[in-house]
Structure formats: C-alpha cells, structure tokens
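The following exercises are to be worked through with the sequence and the structure at hand. Each task is followed by a solution in steps.

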Amino acid sequence: MKITQNPKWVSISLGLALSLMILLGGCTNITPLDPAPTPTPSTSPSPTLPAQPIPDITDVRITYSYGTTDKVQLSANNVPLKVGQKLILEPAPGLSVNTRFTSSGENFFGAVMKQETGGSDNTKATFIAIAPGKGKLTIIPNTNDTARSTDLWVTVQ
C-alpha cells in the first residue's frame, strides 16, 4: 500500500509548525535602533567640564614626649587617616634619647602603614597609609622601658 500526502496539507503543517515555534520561542525586535542620534547644531552635546582638582592630602604630625619616670605622652591618639596620607612621628623639642617603635599581633601596624626610609632627618619616623584597617604602634622610651610605653592607634579608611 502506497501512502501519498497532499502537498497542500504538508505546506499547511509546516506553516503551523513554524508559526508555533516563533510563538513559543519568543519574538525579538530585530530592527536596530540608534541609541544616540547624530547631533545637530541645535542638539549638540555640551562641552565637557574640566577635571576637578584632587584635594591635597595633608600630613598628620604627632609629637611624643616623656620624662625620666612618666609614661610616653602623645599629642594625638586614635588617628584617622586615608590611604596615601602620611603620619609623621617626631620627638618633642629637647627629647634626645632613643625611642623604639614596635608592633605585632592582630592589629599589626605594618598591615595598614608602611615606613618611609632614606630621609635626611633621622629624628622622626614617617609612615604612609597603604591599606584600610586598624593598626597599633607601641612607643617604648629608652628602647627598653616597656612599663612606660604607650600605644598609638591608627585607623586607615
């Protein structure tokens, strides 16, 4: 037995199948749109504004001092800094003994601050804020008198 199909029914079936696929597959708009029309003299874009100057990042200076029996005293503590800002630790006028700076543990100073080296003035210590976080620097008088030491806290934002 030979089965022959009517070409008319085949075209109707293919048309319905194609329509059904388009309907179920979704439609997209294939007409391209120009998102930015070509400027004309009346709609030309405004000139660009000059770049805003970057505000100067000021250095933060902290003076430390101590006598023969008292604890280290700081001109400021709990200092907030921004990344790139400098912290300068300098002895009070007349203080000529050796001082040691240390840090370790959870609030390691080196994680948020980096010491500058190679300066001509070796009486002060200069640090640069390198990463957000909180750091603690212990300032020890006479390099070994830990009972009179004081902690300097710095928060870098």
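A residue counts as buried if its relative accessible area is under 20%, and as exposed if that area is over 50%. The model used throughout is a predicted one.

**Exercise 1. Determine how many helices and strands the protein has, and in which order they run.**

Step 1. The secondary structure comprises one helix and nine strands.

Step 2. Read from the N terminus, the order of elements is α-β-β-β-β-β-β-β-β-β.

Step 3. Of the contacts with a separation of 6 or more, 66% are between residues 24 or more positions apart.

**Exercise 2. Establish the strand order of the five-stranded open sheet and identify its edges.**

Step 1. The five strands of this open sheet lie in the order E2-E1-E4-E7-E6, with mixed pairing.

Step 2. Strand E2 (73-74) and E6 are the edge strands, as each pairs on one side only.

Step 3. Within the sheet, E1 and E4 are parallel and share five bridges. In this pairing, Val60 stands opposite Leu87 in E4.

**Exercise 3. Describe how strand E8 pairs with E5 and with E9.**

Step 1. Strand E5 (residues 99-102) runs antiparallel to strand E8 (residues 133-141), and four bridges join them. Here Arg100 is found opposite Ile140 in E8.

Step 2. Strand E9 (residues 150-156) also pairs with E8 in the antiparallel sense, over seven bridges. Leu137 is placed opposite Leu152 in E9.

**Exercise 4. Decide whether Met113 is buried or exposed, and locate its contacts.**

Step 1. Met113 belongs to strand E6 (residues 113-115).

Step 2. Its relative accessibility is 2%, and therefore Met113 counts as buried.

Step 3. Beyond residues up to four places away in sequence, Met113 touches Leu81, Leu87, Phe127, Ile128, Ala129, Ile130, Val154 and Val156.

Step 4. Met113 and Val154 are 41 residues apart along the chain, and their C-alpha atoms are separated by 8.8 Å.

**Exercise 5. Characterise the largest nonpolar core and the surroundings of Leu89.**

Step 1. The largest nonpolar core contains 20 residues, and those with the most contacts inside it are Leu81, Leu87, Leu89, Met113, Phe127, Leu152 and Val154.

Step 2. Two or more residues of this core come from each of strand E1 (60-65), strand E3 (79-81), strand E4 (86-91), strand E7 (125-129), E8 and E9.

Step 3. When neighbours within four places in sequence are left aside, Leu89 is in contact with Ile62, Tyr64, Phe101, Lys124, Ala125, Phe127, Leu137 and Leu152.

Step 4. In soluble globular proteins, nonpolar side chains tend to be buried together.

**Exercise 6. Examine the burial and the contacts of Thr126 and Thr138.**

Step 1. Thr126 is located in strand E7, and Thr138 in strand E8.

Step 2. Thr126 has a relative accessibility of 15% and so counts as buried. Thr138 is likewise buried, because its relative accessible area is 15%.

Step 3. Apart from neighbours within four places in sequence, Thr126 is in contact with Lys86, Leu87, Ile88, Lys114, Gln115 and Glu116.

Step 4. With the corresponding neighbours left aside, the contacts of Thr138 are Arg100, Phe101, Thr102, Ser149, Thr150 and Asp151. The side chains of Thr138 and Asp151 are joined by a polar contact of 2.8 Å.

**Exercise 7. State what share of the protein is buried, and what its accessible surface consists of.**

Step 1. Of the 157 residues in the protein, 20% are buried.

Step 2. The exposed area is about 11800 Å², of which carbon and sulfur atoms supply 58%.

Methods:
Residues numbered from 1 in each chain as written. Predicted model: local features only at pLDDT ≥ 70, side-chain atom pairs only at ≥ 80, totals over all residues. Heavy atoms only, no water. Pairing = 2+ DSSP bridges. Core = buried A, V, L, I, M, F, W, Y, C linked by side-chain atoms within 4.5 Å. Buried < 20%, exposed > 50% of the residue type's maximum accessible area, 1.4 Å probe, protein only. Contact = heavy atoms within 4.5 Å. Areas by Shrake-Rupley, 256 points an atom, 1.4 Å probe, with all protein chains shown as cover. Polar contact = N/O pair within 3.5 Å; in protein donor to acceptor, adjacent residues only side chain to side chain.
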